[in-house]
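Student: I would like a close look at a single part of this model, the aromatic rings and their surroundings. Please start with the terms and one landmark, then take me through it.

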Amino acid sequence: METSENSVDSKSVKSLEAKIFHGSKSGDPSVPLDSSYKMDYPEMGLCIIINNKNFHSSTKMAPRSGTDVDAAELRKTFGTLKYEVRNKNDLSREEMVMLMRGVSEEDHSRRSSFVCVLLSHGDEGVIYGTDGPVDLKKLTRFFRGDNCRSLAGKPKLFIIQACRGTDLDCGIETDSAIDDDMTCQKIPVEADFLYAYSTAPGYYSWRNSKDGSWFIQSLCAVLQQCAHKLELMHILTRVNRKVATEFESYSLDSTFHAKKQIPCIMSMLTKDLYFSH
């Protein structure tokens, strides 16, 4: 809901605008704002991988064959980027919540960033523990600026390999031609998050039982090739293109045959993110 500013006089508005557009801590409009996240803390940060493969019979969810390939590739990729990687397998929803709460309560003051990868079944807005679904917000809210002060102002990346619904993308034929300086002393509690989803809202997410998921394998391949020279949004755009153009489902069931997939990026980052210092 928008708030009314009718009671603010024009002089106050002009003063407010000056602070919004030109303000720095020094009040000097000539002081440039740092456009990239500071990534030269003593540690890059934690990379938490929750790899849920086997599910209780009550969920009627099939085992996620191929997910161990994803987890192994993620460990290698983020380990190479100097993250401290912690892999957790087959967690219940309560164990997932407890893990996220515990990690958020750690001291991240020496860490540049935080990464969490969720590999599981899912639906729109939820991710599955081994015994049922949990709201994604219940897991991510622990890392908001008001809950995890040592990560405030630092990038928090959530990478989610899971279905977001049951829609199938049939594709379409195309023509082949075709921190030291801040404007104010408060930041939104939801700032500096990025959610990289394997698929668009409402759609299935594809995973090969032998080679792993289209999205995670593409993400790791592009990170390994480009992490030290491209900004994160450019990296994820290349991942989108790789998944969109290089993969198509093959199934003896015509309902699931020749389907496509496009990952989805939702960013609340406030600066450019380069994994190199």
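Tutor: Helices here are DSSP runs of H or I with at least four residues, strands are E runs of at least two, and both are numbered from the N terminus. Keep in mind that this is a predicted model. The protein chain has six helices and 11 strands. Of its 277 residues, 43% are buried. The chain exposes about 15200 Å², and carbon and sulfur atoms supply 50% of that area.

Take Glu190 as the landmark. Glu190 sits in the loop between β7 (156-161) and β8 (193-197). Its relative accessible area is 38%, so Glu190 is partly exposed, since that class lies between 20% and 50%. Leaving aside residues up to four places away in sequence, Glu190 touches Arg144 and Met268. Met268 is 78 residues from Glu190 along the chain, yet their C-alpha atoms are separated by 7.3 Å.

Now the rings. Two rings pair if their centres lie within 6.5 Å, and planes under 30 degrees apart count as stacked. By this rule there are 13 aromatic pairs. One of them joins Trp206 and Trp214: the ring centres are 5.7 Å apart and the planes meet at 15 degrees, so this pair is stacked. Is each partner buried or exposed? Trp206 has a relative accessible area of 16%, so Trp206 is buried. Trp214, at 7%, is buried too.

Trp214 has another partner. With Phe247 it forms a stacked pair, 5.4 Å centre to centre, with 25 degrees between the planes. This pair links distant parts of the chain, 33 residues apart. Trp214 belongs to helix α5 (residues 214-226). Phe247 lies in the loop between α6 (232-246) and β11 (264-267). Phe247 is at 22% relative accessibility, so it counts as partly exposed, because buried means under 20%.

Next, a group of rings. Phe114, Phe143, Phe158, Phe193, Tyr195 and Tyr197 form one aromatic cluster. Three numbers in that list fall in β8 (193-197), the strand that bounds the loop of Glu190. Phe158 falls in β7 (156-161), on the other side of that loop.

Last, charges over rings. The charged end of Arg141 sits over the ring of Phe142, 5.8 Å from the ring centre. Lys38 places its charged end over the ring of Tyr41, 5.0 Å from the centre.

Definitions and conventions
Residues are numbered from 1 along each chain as its sequence is written. This is a predicted model: local features need pLDDT of at least 70, side-chain atom pairs count only at pLDDT 80 or more; totals for chains, interfaces and linings use all residues. Side-chain values use heavy atoms; hydrogens and water are left out. Rings of Phe, Tyr and Trp (its six-membered ring) pair if their centres lie within 6.5 Å; planes under 30 degrees apart count as stacked, over 60 as edge-to-face and the rest as tilted. Buried means under 20% relative accessible area, exposed over 50%, partly exposed in between (1.4 Å probe, protein chains only). A charge sits over a ring if NZ of Lys or CZ of Arg is within 6 Å of the ring centre and within 35 degrees of the ring normal. Accessible areas come from the Shrake-Rupley method with a 1.4 Å probe; for residues, only the protein chains shown count as cover. Contact means heavy atoms within 4.5 Å.
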